[in-house]
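Q: Could you take a close look at the surface where the protein meets the DNA? I would like one connected walk through it.

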There are 2 protein chains.
Amino acid sequence: MTDVYRALAHPVRRKILAMLRKRAHTAGELADAFDLAKPTLSGHFAVLREAGLVSVERQGTSLIYRINLSVAEEALSSLMNMLGVGAPEAPRKAASKPKGRKS
Amino acid sequence: MTDVYRALAHPVRRKILAMLRKRAHTAGELADAFDLAKPTLSGHFAVLREAGLVSVERQGTSLIYRINLSVAEEALSSLMNMLGVGAPEAPRKAASKPKGRKS
DNA sequence: TCGGTATTTAGGGAATTACCAAATTACTGT
DNA sequence: ACAGTAATTTGGTAATTCCCTAAATACCGA
């Protein structure tokens, strides 16, 4: 679980996950979305892979990255459990945003 | 938000938050729960403070730490939003089976 | 004000992270 | 086999993280 939080701790990696949530992307497509060298992005991909947050499949010369939602949701569950807020198992209704009553 | 994820990325800090969810603790009580030197724990407290995840109040010679649930829940919301979990606009994409986990 | 308790700050070392350019691997079409 | 495209690995440096011991700060009671 530490690997997952660590992976989420970098803004570039969070943006990669957000892009992958919409659809799968090749490594090159993802790399083009950032103003960083490709080896740098390749390193970020490796962190996401090691956390289990993405999976990869070769297609010709390209590598297709996909988000692994079940792992990401586990992190979410763990966080919710730590905070003692409602579980995601049965989100029947749209969860309204918490209104903050303590402060 | 990066500060919050960064703070969550260390197991000691996550355990501190879990302890604080049950009740407020002094710095010394928290430090006693770990096999680490007190200055090390003090550093972890500082990371949590800078992320806004905890607040602190002096009471005599002790410092009382409390979890700041609203900030933690904001991180939760952000994560849920990033994953599209519990959100009204879930993508209806048929998830193709990712067969290979090459690693 | 002095001594004791609680906690942080200062300073330093080992390990990790983030970034880049250059080299390498994997695949495809000819 | 050769050249071209896609992506990773290698090797290097600067910045950051994590942990420690020692010193400083804040508070309290006598």
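A: Here is a tour of the protein surface along each DNA strand, followed by the relation between the two protein chains.

A word on conventions: this is a predicted model, where local features need pLDDT of at least 70, side-chain atom pairs count only at pLDDT 80 or more, and totals for chains, interfaces and linings use all residues. Residues are numbered from 1 along each chain as its sequence is written, chains are lettered from A and ligands numbered from 1 in the order in which they are written, and side-chain values use heavy atoms, with hydrogens and water left out.

Let's start with DNA strand C. Around this strand there are 23 residues (a residue is near when one of its heavy atoms lies within 4 Å), and those that come nearest are Arg6(A), Thr40(A), His44(A), Gly28(B) and Tyr65(B). Of the strand C atoms within 4 Å of the protein, 77% are sugar or phosphate and the rest belong to bases. Several polar contacts (pairs of N or O atoms within 3.5 Å) reach the phosphates. The side chain of Thr40(A) places an N or O atom 2.7 Å from a phosphate oxygen, while for the side chain of Arg13(A) the distance is 3.2 Å. From the other chain, Gly28(B) uses a backbone N or O atom, 2.7 Å from a phosphate oxygen. The elements giving two or more residues here (helices, H or I, of at least four residues and strands, E, of at least two, as DSSP runs numbered from the N terminus) are α4 (38-50) of chain A with α3 (27-32), α4 (38-50) and β3 (62-67) of chain B. The most comes from α4(B), with five residues.

Now to DNA strand D. Here 22 residues surround the strand, and Tyr65(A), Arg6(B), Ala37(B), Thr40(B) and His44(B) come nearest. Sugar and phosphate make up 80% of the strand D atoms within 4 Å of the protein. A polar side-chain atom of Thr40(B) sits 2.6 Å from a phosphate oxygen, and the side chain of Ser42(A) has an N or O atom 2.9 Å from one. Ala27(A) contributes a backbone N or O atom at 3.3 Å from a phosphate oxygen. For this strand, α3 (27-32), α4 and β3 (62-67) of chain A join α4 of chain B in giving two or more residues, and α4(A) has the largest share, four residues.

Finally, the chains themselves: chain B superposes on chain A (least squares on C-alpha atoms of residues with pLDDT of at least 70 in both) by a rotation of 180° with 0.0 Å of shift along its axis, RMSD 0.1 Å. The two copies are thus related as by a two-fold rotation axis.

How values were computed: A polar contact is a pair of N or O atoms within 3.5 Å; within protein, one must be able to donate a hydrogen and the other to accept it, and residues adjacent in sequence count only if both atoms are side-chain atoms.
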